Every structure is written in structure tokens, then in C-alpha cells.
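User: Please take a close look at one part of this model for me, and set out in a connected way what surrounds it.

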Amino acid sequence: MAEEIAILVADDPAAEVAGRLAEAARTGGHVVLTGGSSPRIAYELAAGLERDWTAVELWWGDERCVPPEDERSNYGMAKQALLDHVSLGAVHRMRGELGRDEGAEQYEQELAGVERFDLVLLGLGSDGHVASLFPNEPTLDETERRAIGAEAKLDPYVDRITLTLPMLRRESMRLHCSREIR
């Protein structure tokens with residue numbers, strides 16, 4: 001049986017994503033956030049729509065191997081735009097400052113009890129990458145692990161931690177929330 005796919009073209013993608021995030025905050029579950037400048041607007045709007053995020057567990061699809069206060073950190077951006085403005089439940093941050101291998105191993109352990117995500121936000125890079133899964137790289141061949149380290153193929157050239165395709169492909173609602181080049 002083929003999977004049914006619905007494509008939504010929104011006049012205001014940030015508002016659409018913000019509404020879905022706010023709904024997820026109210027209903028609970030596991031939500032994967034993404035980085036970049038386009039999602040920032042959605043996170044700011046979502047914080048205004050719902051202040052109570054205690055029912056949801058937040059995860060990240062990828063992270064650059066930098067400290068959380070670094071301007072290139074996906075977590076740091078989400079913290080400024082969303083997390084600092086709402087009441088939080090569980091926040092599962094990828095620890096980029098540990099480096100790609102140790103950070104991925106720690107995230108892998110944290111993901112051990114998660115069967116699927118309820119909402120996954122994904123950006124799309126200029127080369128077609130999502131999370132930090134770059135085209136024609138060995139990270140695309142991973143079938144066992146849930147999180148792995150990745151070598152950056154675009155600016156900024158810093159190592160990364162990323163969810164794997166098997167983890168991203170588990171039944172969930174996925175939103176491609178940006179066409180941003182990053």
C-alpha cells in the first residue's frame with residue numbers, strides 16, 4: 001500500500017508551522033526542531049501562540065559541533081526564539097560541543113526509548129540536504145543507528161551531529177519549513 005502524501009503550499013509558511021508547533025505543545029508528544037533563519041520566525045510566532053510547552057518533548061534533527069551560545073548553534077537559535085519564552089517540558093539537546101562522535105553517541109543513548117516522532121521540522125539545503133544528511137555521503141547508508149556524526153559539506157564547515165534516515169523516516173508528520181540555503 002502506497003503512503004499518501006499531502007503537499008501544502010502556504011501563503012505564510014512561518015504562521016503555518018507556528019500553528020502546528022503550538023498545537024503539538026498543547027497535545028504533547030515528541031517534536032523535532034530544525035535550525036536556520038526561516039524557522040526562527042515560526043518559533044517566535046509559536047511562543048506567542050502557546051506559552052505552556054510542558055506536555056511536549058523537544059528534540060533536534062541536527063546540530064553543528066559548536067557550543068550552544070555560538071551563533072551557528074541550532075539549539076542556541078531555538079533557545080533565543082522559543083525556549084526562553086515558554087514553560088518547558090523535556091528538552092533533548094544535541095551536545096555539539098562534545099564533538100561529532102561523542103555528541104552523537106550521547107544523543108543515540110537519549111533516543112533509545114523513542115519509537116517515532118510526532119512532528120519533524122526539516123529545512124532543505126541548497127545541495128538537497130536535510131538535517132545534516134548530505135547527498136552522496138556515507139551518512140545516508142546508515143541503517144542501525146539513530147544519531148551519527150557528519151562532516152559538513154557547506155559553509156559553515158564544522159562537524160555536525162544528525163538524526164539518521166531510519167529515525168527520520170519512522171511514522172511521523174514531517175514539515176519542510178524552509179527553502180533556505182544554509
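**Threonine 164 and the sheet beside it**

Analyst: In this predicted model, the side chain of threonine 164 comes within 2.7 Å of the backbone oxygen of arginine 145. Threonine 164 itself belongs to the loop that runs between β8 and α5 (165–169), and with a relative accessibility of 0% it counts as buried, because the limit for that class is under 20%. Once its neighbours within four places in sequence are set aside, the residues in contact with threonine 164 are Leu133, Glu142, Arg145, Arg146, Ala147 and Ile148.

Ile148 leads from this loop residue into the sheet, since isoleucine 148 stands opposite threonine 162 in β8. The two strands concerned, β7 and β8 (residues 160–163), are paired in the antiparallel sense through four bridges. They are part of an open, antiparallel sheet of three strands, arranged in the order β4-β8-β7. Each of β4 (62–64) and β7 (147–150) has a single partner strand and stands at an edge, so that one side of each is left without a neighbour in the sheet. On average, and ignoring direction, neighbouring strands of this sheet are turned by 20° against each other. Helix α4 (residues 100–110) packs on the sheet, where it touches β7 and β8, and its direction makes about 165° with that of β7.

The loop between β7 and β8 contains glutamate 151, which is partly exposed, its relative accessibility being 44%. Not counting residues up to four places away in sequence, glutamate 151 touches Arg100, Phe134 and Asp159. Between glutamate 151 and threonine 139 there are 9.1 Å in space from C-alpha to C-alpha, and the two are 12 residues apart in sequence.

On the other side of β7 in sequence, the loop between β6 (119–123) and β7 holds alanine 131, and asparagine 136 is found in that loop too. Most residues other than glycine have a negative phi. Alanine 131, however, has a positive phi of about 50° although it is not a glycine, and asparagine 136 also takes a positive value, near 60°. Their surroundings can be set side by side: alanine 131 counts as buried at 3% relative accessibility, whereas asparagine 136 is exposed, with a relative accessible area of 77%.

Two helices earlier in the chain complete the picture. Helix α1 (residues 13–27) has 15 residues and reaches 21 Å from its first C-alpha to its last, close to the 21 Å expected at 1.5 Å a residue. Its buried residues include Ala14, Val17, Ala18, Leu21, Ala22, Ala24 and Ala25. These cover an arc of only 160° around the axis, which puts them on the same side of α1. Such a pattern has a general background: an α-helix has 3.6 residues a turn, so residues three or four places apart point the same way. Just after α1, glycine 28 takes a positive phi of about 90°.

Helix α2 (residues 37–49) can be read in a similar manner. At 1.5 Å a residue its 13 residues should span 18 Å, and the end C-alpha atoms are 19 Å apart, which agrees. Pro39, Ala42, Tyr43, Ala46 and Ala47 are buried in α2. They cover an arc of only 140° around the axis, and this puts them on the same side of α2.

Definitions and conventions
Residues are numbered from 1 along each chain as its sequence is written. This is a predicted model: local features need pLDDT of at least 70, side-chain atom pairs count only at pLDDT 80 or more; totals for chains, interfaces and linings use all residues. Side-chain values use heavy atoms; hydrogens and water are left out. The expected span of a helix is 1.5 Å times one less than its number of residues. Buried means under 20% relative accessible area, exposed over 50%, partly exposed in between (1.4 Å probe, protein chains only). The arc is that of the directions from the helix axis to the C-beta atoms. Two strands pair if DSSP finds at least two bridges between them. Axes are lines fitted to C-alpha atoms, for helices over the stretch in contact, and angles run from 0 to 180 degrees between N-to-C directions. Contact means heavy atoms within 4.5 Å. A polar contact is a pair of N or O atoms within 3.5 Å; within protein, one must be able to donate a hydrogen and the other to accept it, and residues adjacent in sequence count only if both atoms are side-chain atoms.
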